[in-house]
Amino acid sequence: MFYTSTRSFIDNMTATKAILQGISEEGGLFVPTRLPQIDFSLEELLNWDYKELAYRVIRLFFDDMKEEDLKYCIENAYDSKFDTDKIAPLACAKSANFLELFHGPTIAFKDMALSILPYFMLTSKKYNKEEKDIVILTATSGDTGKAALEGFANVAGTKIIVFFPQDGVSDVQKRQMLTQEGDNTLVVGVKGNFDDCQTGVKEIFGDNDFATELNKKNYAFSSANSINIGRLVPQVAYYFSAYAQLVKAGKLECGKPMNVTVPTGNFGNILAAYYAKNMGLPINKFLCASNTNKVLFDFLQTGTYDRNREFFLTASPSMDILISSNLERLLYHISGENTELIKEMMADLKEKGLYTITDGMKEKLSDFYGGYADDEITKATIKKVYDEEGYLMDTHTAVAYATYDKYVKETGDQTPNVIVSTASPYKFTGSVMTAIDAQYEGKDDFTLLEEMHHLIKGDMPKAMDQIATRPIKHDTICEVSEMKHIVSQFLV
Ligand SMILES: *Cc1c(COP(=O)(O)O)cnc(C)c1O
């Protein structure tokens, strides 16, 4: 199994090298030269726990890791940090099935990949005899930041720097990041939006002089964003788990297809579903759900990706994104691995803010259905499902629910569906509580945590313990133009 770049052919790059490097030198993303095929049957899948299943899926991609090393990564990632041994349980409500990916330490789906990435990184360092300290540079729309900090804090031989949009994350998200402990961590609020943070980070990655300077100081950069293949691959596993759980719940006949609905921002989660399908998992449709920043919806309608538009701050901030990085990987696959074409399109995106795909590529997107929901619909959806079914969704999951609902009404498609639930409602208490009752209007997110706890059964997630009173450890705020300087100051 080798990896190449979406923008130029690279020979003989192993998985561990790709994980270590994060992004290709010309700015392309690493992709497997061919997608592996599953070497197990769907019936076998039903017997495995999450760790076994993750092992059987991930090993197909990362075949340069020895069995014992990969198993070590999996054992340490999917342990009691998660509040259930199922790791990614399927909750079947009356009208929909939810794959709950928020049972990890930061109560958002980023934990599924970021609890294992540090172990992959250390394994990759060892295999490639990399002696330098790895500096993880991360742009976050709110959830990646905390999940990456949680994963990398105090990991020897690594440092982690997180940039988040100062005014673009929820109170709980911000507090989770600013209270992060660990000498190797730095959290910075940027005066800009997520795309500014992500572009800034990509520019630092692409700055060869800067890399040389840091190399001399014994540092090498890598990424914890879903541009890193080490983040994408563990996400493929939970689609297999969703399938097995749907069969075991009696909702699907083994061998028949399911649909998946994914609340989408950077396109990593839904791309993992596309990989699962191409490996042999029966998935019919990918329902791609956006909020008011519906650049993906428009792209799926027209074949033109156009980021020249107003940017909105919404109630689903982790999806407030206009440049969906992982779409580049999908374009690579559906273009017949045409690196020249992808390079042109990405140059157009950078220079003109838009590109158009070919008709042939558009045909290959027929399995994708685009939908979107604004904040009003999102909140009405939260209320409706809570009132009628007693299931409380976060805002991102509700965007997905609204898209699923619209799709079924439009098409009558009765294929069993899984809605990917990407965050706990506790992470977006303000928006969720005011959606179900206007009486919560005007109260802060921290007060509302308690109120929410009264409403839903079960323990308050550990991640929320004393969230309101933990000491703030980080207070740096910077302009977009100062990001590089901040990095260089931290790395003495
Ligand atoms: C990151 C995130 C998303 C978007 O996932 P992508 O892989 O970037 O498409 C959706 N919901 C939540 C809660 C997230 O944290």
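**Exercise 1. Find out how T422 and its neighbours meet the ligand.**

Start with T422: one of its polar side-chain atoms is 2.8 Å from a nitrogen atom of the ligand. That's a polar contact, meaning a pair of N or O atoms within 3.5 Å. Now ask how much of the ligand is covered: on its own it exposes 380 Å², and the protein buries 98% of that (Shrake-Rupley areas, 1.4 Å probe).

A quick note on what you're looking at: this model is predicted, local features need pLDDT of at least 70, side-chain atom pairs count only at pLDDT 80 or more, and totals for chains, interfaces and linings use all residues. Residues are numbered from 1 along each chain as its sequence is written, and side-chain values use heavy atoms, with hydrogens and water left out.

Next, look at the oxygen atoms of the ligand. A polar side-chain atom of D143 lies 2.5 Å from one oxygen atom, and a polar backbone atom of G268 is 3.2 Å from an oxygen atom.

**Exercise 2. Describe the shell around the ligand.**

First, count: 15 residues surround the ligand (a heavy atom within 4 Å). K110, D143, G265, N266 and T422 are the closest.

Then sort them: 5 are nonpolar, 8 polar and 2 charged (Asp, Glu, Lys and Arg count as charged; Gly is among the polar ones).

**Exercise 3. Decide whether helix α7 is enclosed or open.**

Step one: list its buried residues (under 20% relative accessible area, 1.4 Å probe, protein chains only). They are D143, T144, G145, K146, A147, A148, L149 and F152.

Step two: conclude. Since 8 of the 10 residues in α7 (residues 143-152) are buried, the helix is largely enclosed by the rest of the structure.

How values were computed. A polar contact is a pair of N or O atoms within 3.5 Å; within protein, one must be able to donate a hydrogen and the other to accept it, and residues adjacent in sequence count only if both atoms are side-chain atoms. Buried means under 20% relative accessible area, exposed over 50%, partly exposed in between (1.4 Å probe, protein chains only). Helices (H or I, at least four residues) and strands (E, at least two) are DSSP runs, numbered from the N terminus.
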